[in-house]
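Colleague: I am new to this structure and would like to go through it with you slowly. Could we take a few questions in turn, with the reasoning spelled out each time?

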Amino acid sequence: MELSEFINKYLGKEVDFDGAYGAQCVDLFRQYCQEVLEVGHTGAVEGAKDLYLNYENMGKEKAVFEKIRSKTGGQYGDVAIYDATPNNPYGHVAIVLIPRYKDTLVFEQRGGTKDPKAQLYWRSNEKLLGFLRIWEA
C-alpha cells in the first residue's frame, strides 16, 4: 500500500492497533509499519519519544529503521519523533508528508489537537528529536 492510500483509508478514523489505551499516536505508527512499510510490529515502548531516544537498545527498530539525527532532514514517508512536553511526558510520533525548516506537515493522531482521529497537521519542529527512515535495500 502506498502512503497516499494509507492516508485515504484512515483520515478521520481512530486507529487502535494494539487494542490498548485507545487510539494513540504509536498505534497509527504501528499500522503504518504493517500496511505501508510492510515490516510488522517493531519493539514495545513506554512512550513515542523512546522510539528515538532508546533506538540504540532496540534491536527491532535498528534492523528496520535508520536513525536520522536532524531537525530539518526529514523526507516524505519518514517517521518523525517528538520529545516530551510538560503536558505530554510520552512524546509523539507522526508520519512526514511535507518537511519544512520550521514545521512539517504530518499524518498523526492524538497530536496537536489531541483528537483521537487520524488527521493532517502542521507540526512545529521545535520539539522534534529526529526521524526514523526505513533502511534502503
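Modeller: Before we start, one definition will help: a residue counts as buried under 20% relative accessible area, as exposed over 50%, and as partly exposed in between. Please also keep in mind that this is a predicted model.

Colleague: In what order do the elements of the chain run from the N terminus on?

Modeller: The chain holds four helices and six strands. Read from the N terminus on, these elements follow the order α-α-α-α-β-β-β-β-β-β.

Colleague: How does the radius of gyration of the chain compare with what the globule rule gives for 137 residues?

Modeller: Taken along the principal axes, the box that the C-alpha atoms fill is roughly 30 × 30 × 25 Å. Of the 137 residues, 50% count as buried, and residues 24 or more positions apart account for 54% of the contacts with a separation of 6 or more. As for the order of elements, it runs α-α-α-α-β-β-β-β-β-β. The chain is as compact as a globular protein of that length, because the globule rule gives 14 Å and the radius of gyration is close to that, at 13 Å.

Colleague: How much of the area that the chain exposes do carbon and sulfur atoms supply?

Modeller: The chain exposes about 7100 Å². Of that area, the part supplied by carbon and sulfur atoms is 49%.

Colleague: Which residue of strand S1 forms an aromatic pair with Phe29?

Modeller: A search of the whole structure finds four aromatic pairs. In one of them Phe29 takes part in a tilted arrangement, with 6.0 Å from centre to centre and 35 degrees between the planes. The pair links distant parts of the chain, 36 residues apart, with Phe29 in helix H2 (residues 25–37) and its partner in strand S1 (residues 65–68), and that partner is Phe65.

Colleague: Are Phe29 and Phe65 buried or exposed?

Modeller: The cut-off for buried is under 20% relative accessible area. Phe29 has a value of 2% and Phe65 a value of 0%, so Phe29 and Phe65 both count as buried.

Colleague: Which residue lies over the face of Tyr82?

Modeller: There are two cases to keep apart here. Arg100 lies over the face of Trp122, at 3.9 Å from the ring centre. Over the face of Tyr82, at 5.0 Å from the ring centre, lies Arg123.

Colleague: Which residue of helix H1 meets Glu35 in a salt bridge?

Modeller: Side chains of opposite charge can pair when their charged atoms come close. The count for this structure comes to seven salt bridges, and in one of them Glu35 is joined to its partner at 3.0 Å, N to O. Because Glu35 lies in helix H2 and the partner in helix H1 (residues 3–10), the pair ties together parts that are 26 residues apart in sequence, and the partner is Lys9.

Colleague: Is Arg69, the salt-bridge partner of Glu56, buried or exposed?

Modeller: The closest N and O atoms of Glu56 and Arg69 are 2.8 Å apart. Glu56 lies in the loop between helix H3 (50–53) and helix H4 (59–64) and Arg69 in the loop between S1 and strand S2 (79–82), so the salt bridge ties together parts that are 13 residues apart in sequence. Glu56, at 37% relative accessibility, counts as partly exposed, whereas Arg69, at 60%, counts as exposed.

Colleague: Which residue of strand S6 forms a salt bridge with Asp78?

Modeller: In this salt bridge the closest N and O atoms are 2.8 Å apart. Asp78 lies in the loop between S1 and S2 and the partner in strand S6 (residues 128–134), so the pair ties together parts that are 55 residues apart in sequence. Asp78 is buried, and so is the partner, which is Arg133.

Colleague: What is the relative accessible area of Tyr21?

Modeller: Phi of Tyr21 is near 65 degrees, a positive value in a residue other than glycine. Tyr21 is found in the loop between H1 and H2. Tyr21 counts as exposed, because its relative accessible area is 76%.

Methods:
Residues are numbered from 1 along each chain as its sequence is written. This is a predicted model: local features need pLDDT of at least 70, side-chain atom pairs count only at pLDDT 80 or more; totals for chains, interfaces and linings use all residues. Side-chain values use heavy atoms; hydrogens and water are left out. Rings of Phe, Tyr and Trp (its six-membered ring) pair if their centres lie within 6.5 Å; planes under 30 degrees apart count as stacked, over 60 as edge-to-face and the rest as tilted. Helices (H or I, at least four residues) and strands (E, at least two) are DSSP runs, numbered from the N terminus. Buried means under 20% relative accessible area, exposed over 50%, partly exposed in between (1.4 Å probe, protein chains only). A charge sits over a ring if NZ of Lys or CZ of Arg is within 6 Å of the ring centre and within 35 degrees of the ring normal. The radius of gyration is taken over C-alpha atoms; the globule rule is 2.2 Å times the number of residues to the power 0.38. Contact means heavy atoms within 4.5 Å. Accessible areas come from the Shrake-Rupley method with a 1.4 Å probe; for residues, only the protein chains shown count as cover. A salt bridge is a side-chain nitrogen of Lys or Arg within 4 Å of a carboxyl oxygen of Asp or Glu.
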